[in-house]
Amino acid sequence: MGLPGGGRSHGRVVAAVAALLVLLHLCGSPSAMAAVGAKYKDPTQPLNTRVDDLLRRMTLAEKIGQMSQIDQENATADVISNYFIGSVLRGGGSVPAANAPPEAWVEMVEEIQRAALSTRLGIPAMFGIDAVHGHGYAYRATVFPHNVGLGCTRDPELAKKIGAAVALEVRATGIPFIFAPCVAVCRDPRWGRCYESFSEDPKLVQQMTSIISGFQGEIPASGRRGAPFVADQHNVAACAKHYVGDGGTTRGINENNTVATFHDLLGIHMRPYYNAIIQGVSSIMVSYSSWNGVKMHANRFLVTDFLKNKLRFRGFVLSDWLGLDRITRPEHADYPLSVKLGILAGIDMVMIPYQYKEFRDDLTTLVQNGTIPMSRIDDAVRRILRVKFTLGLFENPHADTSLTGDLGKPEHRALAREAVHKSLVLLKNGKPGDKPLLPLPKKPPGGSILVAGSHADDLGSQCGGWTIKWQGLTGNNLTAGTTILDAVKSAVVPGTDVVYAENPDAGFVQKAKFDYAIVVVGEHPYAETAGDNLNLTIPAPGPAIIENVCGSIRCVVVLISGRPLVVEPYLNAVDALVAAWLPGTEGMGVADVLFGDYGFTGKLSRTWFRSVNQLPMNVGDEHYDPLFPFGFGLETQPSVY
């Protein structure tokens, strides 16, 4: 026997099921159905309303997924869907294919985005990549001078323009998030990342954080200072790094300990973060290094109490690559402990390229047993979602394919060329009693000049680390650009005999009767720990080339390096010495100034030491005896042809 009213109930159920099927058909998927009427999908709703609405709908698994950033090589559609992965990165310089065009990058990112949008709540993924001096991993991208050179320009407006150009080139490949800028204050050039620092002077680093407003767009006068900000789809979310004190480690050893009072930490290393936050930086990456023996990835006082609560940073805090693993020694020795310490310290998004399953399982257990409160998880996810909404990912999750032509476009190369000639620092110009050598004549009297050195015809060494590959590459077949040798050939008057000899002997130079020589030597590419160097000598055969060439003919030595090197032993032999840093793909910027199209204007952003025994030595120190002081730089006037 049926219940009273059973027929009417059955009819209502049938009608409801039919309506549901129609709605599912109209919405297209169960994930779309989950969002029906959802405020987080409504762009007219206030930001906090959208964040709150989405957060209350999320399961713990979905929240942990948003806190996970995995390497693209592991980011299959199944992994994205099953683990609700919220962010993906391209690490180590791996690319979609050799010499991949922008369209290949876009498709790689789109594949990930399609998987993310198919999940229950349809939360878009955020793809991130290192772009520390341009979109360096992308073939044919414009590679700008590294930060050590940009610091020598003393030009915050130029830095902002560069930031905007880099953002466009990154967006051309479909990527909305970059791990830049590095705002470290490098206090010891023995550090392998020193070229990623604008200066040893915190005030100058603060000024050059203007690059953030280029990356993200400038907050309008009516906007809220200090809140994450991204202007539109031509900009990217930026990441200030590495918080905090990474440039002050003992002996400049990467990932080492920074010994400093809290007062000194605030006065030197913290200051650029004030400016970054005011400009609305979207994220801040934690340093591998320690402060007075405490790993930054486990430092709740500096990450939560100071950065989040005192400075009121409203973006999200990101770990470095395997940063939680390195809390313990040996690495990954007690991963549950590392997860506990890192998340409780205040890290919101964890860069876990490989062990995302282990991270999910350990963090789930830590939440379920009460070790990590749900409020800490909600804080992390709220911050991540805030940036995703600000970035416009919910309304515009897909790449704008109309931007693919912006990668390496002429306007950006012209800007990089300008940055090169403004970054060069002239350290010597003429021997005592002689007239200055620079600017060089484009039409030498004898019609013949010598270009020598291992770095004169080497685009890879010119660009340095973080170019195509993490550690960089030597040679000329890595990407598009102009070597210094080709730039010299283009600059001189047609008919001038430009002879290139990578490593000439003295006899060859004496017999050839050249008008003058340009010697280009320096460091080979490196990044991070591989660049740590306690000697800082010019690598061989550089010194021998200087001796063989400059002992016989008037010469200018162009030094390609990520930091000051030992040059005092060669100063008497050379007529002119130019610090060219790591100028990037636009070698014409070097020729522009050597031949007087523009004058030298760059000023040292770093103290140039006499001997490594003096290190660390920085401007303002009590015992300050440099070879060339901070701010030094000879100037020349443009030539009149």
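A residue is called buried here when its relative accessible area is under 20%, exposed when over 50%, and partly exposed in between, using a 1.4 Å probe and protein chains only. With that in hand, here are some notes on helix 8 and the cysteines.

1. Ground rules. This is a predicted model, in which local features need pLDDT of at least 70 and side-chain atom pairs count only at pLDDT 80 or more, while totals for chains, interfaces and linings use all residues. Residues are numbered from 1 along each chain as its sequence is written, and side-chain values use heavy atoms, with hydrogens and water left out.

2. The first disulfide (a pair of cysteine sulfur atoms within 2.5 Å). Cys 186 is bonded to Cys 194, with 2.1 Å between their sulfur atoms. The angle about the S-S bond is -105°, a left-handed link. Cys 186 is buried at a relative accessible area of 0%, and Cys 194 is buried at 0% too.

3. The second disulfide. Cys 550 pairs with Cys 555, S to S 2.0 Å, and this link is right-handed, with 110° about the S-S bond. Both ends are covered: Cys 550 is buried at 4% and Cys 555 is buried at 0%. The count comes to 2 disulfides, and in sequence order the bonded cysteines pair 1-2, 3-4.

4. Unpaired cysteines. Cys 182 is in no disulfide; the nearest cysteine sulfur belongs to Cys 186, 9.0 Å away. Cys 182 is nonetheless buried, at 3% relative accessibility. Cys 463 is also in no disulfide, with the sulfur of Cys 152 the nearest at 18 Å, and Cys 463 is buried at 0%.

5. Helix 8, geometry. Helices (H or I, at least four residues) and strands (E, at least two) are DSSP runs numbered from the N terminus. Helix 8 covers residues 156-171, and at 1.5 Å a residue its 16 residues should span 22 Å; the end C-alpha atoms are 23 Å apart, which agrees. The expected span is 1.5 Å times one less than the number of residues. At the start of the helix, a side-chain oxygen of Asp 155 comes within 3.2 Å of the backbone nitrogen of Glu 157.

6. Helix 8, surroundings. How many of its 16 residues are buried? The number is 12, so the helix is mostly covered. Among them are Leu 158, Ile 162, Val 166 and Val 170, along with the charged-type names Lys 160, Glu 169 and Arg 171. The buried residues pack against several elements (contact means heavy atoms within 4.5 Å), including helix 7 (147-153), strand 4 (177-178), helix 16 (374-391) and helix 17 (410-423).

Note on methods: Polar contact = N/O pair within 3.5 Å; in protein donor to acceptor, adjacent residues only side chain to side chain.
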